[in-house]
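Subject: Structure handover and notes

Dear colleague,

Please find below the structure that I am passing on to you, together with its sequence. I would be grateful if you could read the notes underneath with the coordinates open.

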Amino acid sequence: DEDTDTFFVRGPNAFSVAALNPKTGQSTRICGLLPGKEGAVDNRHNRNSDGPALTHASFNSNFTNCLWDRFHKKLWVCGPDERRVRWVTDGWVKTVITEKQSQLAWVHPIGASAKGHIYIAGASDPTCIKRACNRKEVKP
């Protein structure tokens with residue numbers, strides 16, 4: 001996020017995302033479950049779950065990449081075998097584009113436009129790049 005000078009990186013384990021402040025060197029987990037008790041109690045670790053970012057949201061296999069969206073001021077997140085496109089907003093992880101809508105599996109957000117479109121790549125058949133948007137968020 002260029003406005004707050006924040007980098008987003010893999011968190012303290014492979015299943016979480018952290019915000020890194022380059023000025024202080026501090027990192028803060030912003031989404032994803034830690035393995036062990038937290039994941040076992042909620043039975044959501046490794047379940048690709050939406051919900052409160054620190055207690056319920058998780059990724060299927062692990063967290064692989066994220067993309068800051070300057071238009072929406074939100075962080076797109078995904079793992080290697082996601083079937084939907086999700087973002088972190090106000091402490092929640094929320095599915096924005098489903099597999100049915102994108103017609104892609106193993107989806108990764110790879111770019112965001114100044115007009116609020118997201119570019120997603122699919123690693124399944126068909127292998128391609130698509131431009132998508134959430135009509136509730138973006139005026140055509």
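The notes below go from the overall layout to individual strands and side chains.

This is a predicted model, in which local features need pLDDT of at least 70 and side-chain atom pairs count only at pLDDT 80 or more, while totals for chains, interfaces and linings use all residues. Residues are numbered from 1 along each chain as its sequence is written, and side-chain values use heavy atoms, with hydrogens and water left out.

Overall layout

The chain contains two helices and eleven strands, where helices (H or I, at least four residues) and strands (E, at least two) are DSSP runs numbered from the N terminus. Along the sequence these elements follow the pattern β-β-β-α-β-β-β-β-β-α-β-β-β. Of the 140 residues in the chain, 43% are buried; here buried means under 20% relative accessible area, exposed means over 50%, and partly exposed lies in between, with a 1.4 Å probe and protein chains only. Among the contacts in the chain with a separation of 6 or more, 32% are accounted for by residues 24 or more positions apart, a contact being heavy atoms within 4.5 Å.

Strand β6 and its partners

Strand β6 is mostly covered, since five of its five residues are buried. Lys74, Trp76 and Cys78 point one way from β6, whereas Leu75 and Val77 point the other way, and all are buried. Strand β5 (residues 65-69) pairs with β6 in the antiparallel sense over five bridges, and β6 pairs with β7 in the antiparallel sense over three bridges; two strands are taken to pair if DSSP finds at least two bridges between them. The strands β5 and β6 form a hairpin with four residues between them, and Lys73 in the turn has a positive phi of about 60°. On the β5 side, Asp69 has Lys74 in β6 as its bridge partner, while Trp76 stands opposite Trp87 in β7.

Asp69, which lies in strand β5, may deserve your attention for its charge. Asp69 is buried yet has no salt bridge, and the nearest side chain of opposite charge, Arg70, is 8.2 Å away; for this purpose Lys and Arg count as positive and Asp and Glu as negative, with His and the chain ends not counted. The side chain of Asp69 does reach the backbone nitrogen of Phe71 at 3.0 Å. Leaving aside neighbours within four places in sequence, Asp69 is in contact with Lys74, Trp76 and Ala112.

Salt bridges

Side chains of opposite charge can pair when their charged atoms come close. A salt bridge is here a side-chain nitrogen of Lys or Arg within 4 Å of a carboxyl oxygen of Asp or Glu, and by this rule the count comes to two. In one of them the side chains of Asp50 and Arg84 meet at 3.7 Å, N to O. This pair links distant parts of the chain, with Asp50 in the loop between α1 (37-42) and β4 (51-52) and Arg84 in the loop between β6 (74-78) and β7 (85-89), 34 residues apart. Asp50 counts as partly exposed because its relative accessibility is 26%, and Arg84 likewise counts as partly exposed, at 21%.

The side chains of Arg86 and Asp50 also meet in a salt bridge, at 3.3 Å, N to O. Arg86 lies in strand β7 and Asp50 in the loop between α1 and β4, so this pair ties together parts that are 36 residues apart in sequence. Arg86 is buried, with a relative accessible area of 1%. Through shared partners, the salt bridges join Asp50, Arg84 and Arg86 into one network.

Cysteines

A search of the whole structure finds zero disulfides, a disulfide being a pair of cysteine sulfur atoms within 2.5 Å. Cys31 is in no disulfide, and the nearest cysteine sulfur, that of Cys66, is 8.5 Å away, which is too far for a bond. Cys31 is buried, with a relative accessible area of 0%, whereas Cys66 counts as partly exposed at 21% relative accessibility.

Arg10

Arg10 is found in strand β1 (residues 7-10) and counts as partly exposed, at 43% relative accessibility. Not counting residues up to four places away in sequence, Arg10 touches Ser16, Ala18, Asn62, Phe63 and Thr64.

With best regards

Note on methods:
Polar contact = N/O pair within 3.5 Å; in protein donor to acceptor, adjacent residues only side chain to side chain.
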